[in-house]
Amino acid sequence: MSEARPVPWEVEAELALRAVSSVSERLGAPSGTTMVSVKGALRDVVSSDDLAVESALRETLRPSPHPVFGEETIAEAGSLPATGAFWLLDPIDGTANYLAGIPLYAVSVGLLDAGIPVTGAVALPAQKELFFTHGNRSYLNGSLLAVAPDVALEDALLGICLSSRGDERRPDELRLFAALNEESRGCLRLGSAAVSICYVAASRLTACWGVSVKLWDVAGALAVARGAGATVALRFDPATFRADFLVAVPGLFPELLGRLATVVRLEGAPS
Amino acid sequence: MSTIAVFGAGAIGRGYLPWVFDEADDDFIFVDSQPALVSALSARDSFLTFRAAETDRIVERRVRVARALLSDAVTPADLEAASAVFVCVGPRNVARVAPALQALTSPVVVCENDPATVDLLIRLTGRQNIRFAVPDVISSNSAPEGLRKRDPLALVTETGILHIAEGPVLPKGDYRLCSPAAMRREWTAKLFLHNTPHCIAAYLGAVAGVTYVHEAMQIPAVEVVVRGAMDEMLSALKAQWEIPHDFLDWYASKELSRFSNRLLCDPVGRVAREPLRKLDPRGRLLGAAQICLSHGCVPTNVLMGIAAALLFDSEGDADHHMAFMRRAIGPTAFLSHVLGLKEGDALEVVLRTQLDGLAERIGRIRGAHV
């Protein structure tokens, strides 16, 4: 009798899925006692739910030997490890949406290894959707995800994750946003990078890119997109935890990479 | 003389459809995604296929191969000679067939176990000349060793009936054209009086560790559940729809002997494959249970089948990730997110509260036979 073939990163994939699923129920709607604070010059909004969820995610990942970094605790670490695999958590990506009652927010857990998102899970609690990887594939609530091999730009629906206000590239980002909005079926800013990237994996969007986003926002979702057959490029700064990324159906990726080259910094990014 | 194009050279396409047409006059263009199978068919101008005429007699037929093509490479020109096109690739693969069908004018007959596949193909191709068919037949995707020695491409089917929705002319063959009402009746009976108990036999057979469905039916603990599920569905269908009861009784009466037919050598793995598809909310397991519950019956035997389906895990299966999901997200989230059951609905409550008990009963079947 032949032995079962090992599934790559299966233990980690199961932990990631268990983690996001277990907290998904509590995030069906903002709690009545959600407290909000505004941090720093970047006007990030953090809710008390973020803190509770991150704590729950960490608890589920406790059996993993890989270090865990979350938005609330990454400042203590100083920078990300230069080698080895590590976890990145985003307890609520799209906090502004969450607090406003807009159902486009996500819980994200991703594992990076050598700079590549190798496994991850993303829950969209309001939609009751679970995106996850298993082996080299990705699924949505059990259904296999497979992006189209190619979509022409004029037929593409695009997603954009803008940098924070004050970023030097912001004016160019907005110009590209306007141009690509006219040349495609439209360019959407959904307010959650994880949701946008998962929507590429689910073929709801054709492509999505982000400038100077927080790495923990995208790690899980980019793993899902890879498993769905999308082409993914990610480049991040381990000291600032900021990342640029592009994810697209394979046929459209080179064209978008060229168009975005002045704004999205992906030179040397593994894909 | 007709040339019939068949997408999907498997149990139905290669094993059953040749029996619908004329052995001497008709030939086939087979289109499949498996390179080895297409190569093997291309190397031959014919192959043998077999039918279990009764429970103790096999008859053979020689199938003439006009061409065999890989589905990725087929073009409309390749299919121009076809008088009709039959699609039997599995419901999940139907969308991939659409590009090849778009430019054709031949009638298309969809032999998938899901009427929604017809709507899908109509939408994807823009063609209207696409219709539903119900091959009421058990066809194996394998054959006993003795028959495979005679021909490696051999498959075994039983004597079935092909019901095709009325429409424009098709090549002459042994099939029944049905009105919409008749198709609904045949489809309902096939889905709930055949597919429901059949897949339950397969899932419990997988638990018991047997290879073929007929072996599962020889296990008393399995046979009693399958029979019980048949009775549950028969009662529910009589209450639910205005389908003549004598038709339903007649249909049900022949099923168990079909499952027990040793000549078919129908693998448990074939009938049980893709359990998430079989667990579709409107389908042969959950849909069946819903119908029973809506009439005040808790279908214990159908529920056993659902529980056994949830436990099915085969490494090569497309839904091999199901076990991974159940471990990761737990039963409550599995019922809601994967099976789409709303919390508090009758079936969700019944499954959530009874799954452990059902699993225990299933474990006794496993323990007795593995």
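A residue counts as buried when its relative accessible area is under 20%. In this predicted model, T206(A) has a relative accessible area of 8% and is therefore buried.

**Surroundings of T206(A)**

T206(A) sits in the loop that runs between α6 (193–201) and β12 (207–214) of chain A. Apart from its neighbours within four places in sequence, T206(A) is in contact with V151(A), A156(A), L157(A), V200(A), A248(A), V249(A) and L252(A). The loop between α6 and β12 of chain A also holds S203(A). S203(A) is not a glycine, yet it has a positive phi of about 60°. Its relative accessible area is 44%, and S203(A) is partly exposed.

W9(A) is another non-glycine residue with a positive phi, here about 55°. W9(A) is placed in the segment before α1 of chain A. With a relative accessible area of 27%, W9(A) is partly exposed.

| Residue | Place | Relative accessible area |
|---|---|---|
| T206(A) | loop between α6 and β12 of chain A | 8% |
| S203(A) | loop between α6 and β12 of chain A | 44% |
| W9(A) | segment before α1 of chain A | 27% |

**Chain A as a whole**

Chain A has 271 residues, of which 56% are buried. Its secondary structure consists of eight helices and 14 strands. Of the contacts in chain A between residues at least 6 apart in sequence, 65% join residues at least 24 apart.

**The seven-stranded sheet**

Seven strands of chain A form an open sheet with mixed pairing, in the order β3-β4-β5-β6-β7-β8-β9. Its edge strands are β3 (68–70) and β9, each of which pairs on one side only.

At the β3 end, β3(A) pairs with β4 (residues 86–93) of chain A in the parallel sense, over three bridges. Here F69(A) stands opposite L88(A) in β4(A). Helix α2 (residues 48–61) of chain A packs on the sheet and touches β3, β4 and β5 of chain A. The direction of α2 makes about 150° with that of β4(A).

At the other end come two hairpins. Strand β7 (residues 129–134) and strand β8 (residues 137–140) of chain A pair in the antiparallel sense over four bridges, and H134(A) stands opposite R137(A) in β8(A). Two residues lie between β7(A) and β8(A) in this hairpin, and G135(A) in the turn has a positive phi of about 65°. Strand β8(A) then pairs with β9 (residues 143–144) of chain A, again in the antiparallel sense, over two bridges. Y139(A) has L144(A) in β9(A) as its bridge partner. The hairpin of β8(A) and β9(A) also has two residues between its strands, with N141(A) in the turn at a positive phi of about 50°.

**Helix α1 of chain A, between sheet and chain B**

Within chain A, α1(A) lies across β4, β5 (106–113), β6 (116–124) and β7, running at about 25° to β6(A). Helix α1 (residues 10–24) of chain A also packs with helix α13 (residues 321–338) of chain B, at an angle of about 15° and with the axes 8 Å apart. This angle makes α1(A) roughly parallel to α13(B), because angles under 35 degrees count as roughly parallel. The crossing of the two helices is right-handed.

From α1(A), the contact involves E10(A), A13(A), E14(A), L17(A), R18(A) and S21(A); they meet F324(B), M325(B), R327(B), A328(B), I329(B) and A333(B) in α13(B). By class, this contact has seven nonpolar, one polar and four charged residues.

Terms used:
Residues numbered from 1 in each chain as written. Chains lettered and ligands numbered in written order. Predicted model: local features only at pLDDT ≥ 70, side-chain atom pairs only at ≥ 80, totals over all residues. Heavy atoms only, no water. Axes fitted to C-alpha atoms, helices over the stretch in contact; angles between N-to-C directions. Parallel < 35°, antiparallel > 145°, perpendicular 65-115°, else oblique. Left-handed = near helix turned anticlockwise from the far one by under 90°. Contact = heavy atoms within 4.5 Å. Nonpolar A, V, L, I, M, F, W, Y, C, P; charged D, E, K, R; others polar. Buried < 20%, exposed > 50% of the residue type's maximum accessible area, 1.4 Å probe, protein only. Pairing = 2+ DSSP bridges.
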